[in-house]
Amino acid sequence: MRESMEFDVLIVGGGPAGLSAAITIADLAPGASVCLIDKGASIGAHILSGAVMDPRALTELIPDWAAAGAPLKCPVKSESFEFLTVDKAFSVPQWLLPAPLKNHGNFIVSLSEVCAWLGAQAEARGVAIFAGFAGAEILYDEAGAVVGVATGDMGRGRDGEPTATFSSGVELRARYTLFAEGARGHLGRQLEERFSLREAGRPQVYALGIKELWELDPSLHREGHIAHSVGWPLDHNTYGGGFLYHAPQNRVALGLVVGLSYRNPYLSPFEEFQRWKTHPSIAPVLAGARRLGYGARAIAAGGLASLPTLCFPGGALIGDDAGFLNAARIKGSHAAIKSGRVCGEAVAEALKVGRAHDVLSDYPARFQASWLYEELHQTRNFKGYMRHGLIPGALMFGLEQHLTKGRVPWTMKLPADHTTLIDARHATPIDYPKPDGTLTFDRLSSVFLSGTNHEENQPCHLTLKDAATPIAINLERYASPETRYCPAGVYEIVETAGQPRLQINAQNCLHCKCCDIKDPTQNIVWVAPQGGEGPVYGGM
């Protein structure tokens, strides 16, 4: 028997969407009991983003955020956009860039720090926050409505049996449960299947963002400057691009985003990122610099073209659990905050009239009436155009934005990322250089900087539907792409008694969800490990 706790509202996930919803409900429905759980050891520990933040949604949520000490201290002062070839960089004039790519009025932030601050704002309003507790199981009533979640058991061994430190999970029940787990939430995925929330032909599509934090030589630091790039090292048919954001204290956040719709099974996003840093326009910025942090996270990039039905009996999907990020703007935090707010408004109204466990239909109605819908509608075909290649896609999107601001009569469909790999025998292997330990690094030394930790004696949270598939299909047909798309070295092919087998080093997992997304047979299923485990992204 598990202990049970009752609330008016339960929120699963302490990112910008979940915290925004919690603050909104606390403000609009005083006296309502609101509980928020997060699998990270502290609020912000599992939050990773570039990040350049549009403050519009935060201003609506907390109008006096500046006076209240929000960590938005570095306004964008200058920006550049470059097209990279192997050894050259061609600057794109600002007047030629479509409006969604311009950043006047935005801020360079650490999203993990912003979420820690939002968590304090929520607690000050009476929200009960429990960090270190992962939502492991969705609870349903007899009619099939969601009535809460159960947190995961602690102290089970690798065989699944209780150890001496075992403690059972707790049932957290609520009138409404909001899921804000971020991109490819493992409970959100279950809800999409159970309630058929996705229309045929509208899968979510993703990118993998890999990020490092460096401390620069002060003479090379340009506080408030942001730089974006496209092109090399990715080929013209692979969506993606790089970024450098010059934050305060001589620090720069830099990284590469690689669309998970790539076709070549030999491609490694991690190795592409290492190559990107060696470009003549990037490497000089890092001369004499020191690497401080590393992380990786999947990004829900389909926008409006890939949104599921947002609500179901007893709850809703918010933030990147639904997929509100605007890939064309290279931003998602403002969209997550706004989605949490409009959902929170719908929940507050429902609570006031005594409703429970029904469909929050006012939530999608509020979203469709908001500026966020207008913004996402304007850029909804961005990823669809990019499927035609970098140059044709950029031209088509640029023309659409300059001429019509997205007012075209079509919405393009996108294929699911796991369907796009070609057979290895038709692909060209990629020879990646060895890391030099100064500018480029290996996976394991990078994972060390993420602060990642998992108790080894616990059930593996990277599960396989069929143990034979990694060898019979993934190795034979695709040359084991999981050994390359994982940015943490979790997956290895080793030999036992002369036979290949897949070894899963789950203790390295960054919770990026890339394996759950890109595995070509959808055989790998990510589930939550014990609460509090995983990366610790302080300052990232």
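Visitor: What is the relative accessible area of Phe-133?
Guide: In this model, which is predicted, Phe-133 has a relative accessible area of 39%, and it counts as partly exposed because that value lies between the limits of 20% for buried and 50% for exposed.

Visitor: Okay, and where along the chain is Phe-133 found?
Guide: Phe-133 belongs to the loop between β8, which covers 128–131, and β9, which covers 135–140.

Visitor: Which residues make the nonpolar surface patch?
Guide: The patch is made by Met-5, Phe-130 and Phe-133, and its area is about 240 Å².

Visitor: Let's go inside, then. Which residues of the largest nonpolar core touch the most other members?
Guide: That core has 77 residues, and the ones that touch the most other members are Ile-108, Trp-214, Leu-244, Trp-276, Leu-286, Leu-462 and Tyr-491. A second, separate core of 76 residues includes Ile-11, Ile-129, Val-149 and Cys-343.

Visitor: What does Leu-286 touch?
Guide: If residues up to four places away in sequence are not counted, Leu-286 touches Trp-214, Leu-216, Val-252, Leu-254, Lys-277 and Leu-439.

Visitor: Lys-277 is charged, right? Which side chain does it meet in a salt bridge?
Guide: The side chain of Lys-277 meets that of Glu-212, with 2.8 Å from N to O. Lys-277 lies in the loop between α5 (269–276) and β18 (290–300), while Glu-212 lies in strand β14 (residues 206–215), so this pair ties together parts that are 65 residues apart in sequence.

Visitor: Is that Lys-277 buried or exposed?
Guide: Lys-277 is buried, because its relative accessible area is 0%, and Glu-212 also counts as buried, at 0% relative accessibility.

Visitor: How many salt bridges does a search of the whole structure find?
Guide: The search finds 25 salt bridges. One of the pairs is Arg-125 with Asp-27, whose side chains meet at 2.8 Å, N to O. This pair links distant parts of the chain, as Arg-125 is in the loop between α3 (111–124) and β8, whereas Asp-27 is in helix α1 (residues 16–28), 98 residues apart.

Visitor: And what relative accessible area does Arg-125 have?
Guide: Arg-125 has a relative accessible area of 31% and is therefore partly exposed, and Asp-27, at 36% relative accessibility, counts as partly exposed too.

Visitor: What about Arg-477, which side chain does that one meet?
Guide: Arg-477 and Asp-423 meet through their side chains in a salt bridge of 2.6 Å, N to O. Arg-477 sits in helix α12 (residues 469–478), and Asp-423 in the loop between α10 (390–404) and α11 (443–449), so to speak of distant parts of the chain is fair here, with the two positions 54 residues apart. Arg-477 is partly exposed, with a relative accessible area of 42%, whereas Asp-423 is buried at 11%.Visitor: New topic: in what order do the strands of the open sheet come?
Guide: The three strands come in the order β3-β7-β4, and their pairing is antiparallel. The edge strands are β3 (52–53) and β4 (74–75), each of which pairs on one side only.

Visitor: How many bridges join β4 and β7?
Guide: β4 and strand β7 (residues 107–108) pair over two bridges in the antiparallel sense, and the bridge partner of Cys-74 in β7 is Ile-108.

Visitor: Back to α1 for a second. Which residues is Ile-25 in contact with?
Guide: Ile-25, whose place is in helix α1, is in contact with Val-9, Pro-30, Val-34, Leu-178, Gly-344, Val-347 and Leu-351, leaving aside its neighbours within four places in sequence. Ile-25 and Leu-351 are 326 residues apart along the chain, yet their C-alpha atoms are separated by 9.3 Å. Ile-25 is buried, with a relative accessible area of 0%.

Visitor: Now the backbone. Where is the peptide bond with omega near 10°?
Guide: That cis bond runs from Trp-232 to Pro-233, and Pro-233 lies in the loop between β15 (225–231) and β16 (240–247). The peptide bond from Gly-50 to Ala-51 is cis as well, with omega near 0°.

Visitor: Last one: what is phi for His-511?
Guide: Phi of His-511 is near 60°, a positive value in a residue other than glycine. His-511 is found in the loop between β23 (499–504) and α14 (514–518), and it counts as buried at 3% relative accessibility.

Key:
Residues are numbered from 1 along each chain as its sequence is written. This is a predicted model: local features need pLDDT of at least 70, side-chain atom pairs count only at pLDDT 80 or more; totals for chains, interfaces and linings use all residues. Side-chain values use heavy atoms; hydrogens and water are left out. A nonpolar core is a set of buried Ala, Val, Leu, Ile, Met, Phe, Trp, Tyr and Cys residues joined through side-chain atoms within 4.5 Å. Buried means under 20% relative accessible area, exposed over 50%, partly exposed in between (1.4 Å probe, protein chains only). Contact means heavy atoms within 4.5 Å. Patches are made of residues with over 30% relative accessible area and no salt bridge: like charges are joined within 9 Å, nonpolar side chains (Val, Leu, Ile, Met, Phe, Trp, Tyr) within 5 Å. Accessible areas come from the Shrake-Rupley method with a 1.4 Å probe; for residues, only the protein chains shown count as cover. A salt bridge is a side-chain nitrogen of Lys or Arg within 4 Å of a carboxyl oxygen of Asp or Glu. Helices (H or I, at least four residues) and strands (E, at least two) are DSSP runs, numbered from the N terminus. Two strands pair if DSSP finds at least two bridges between them.
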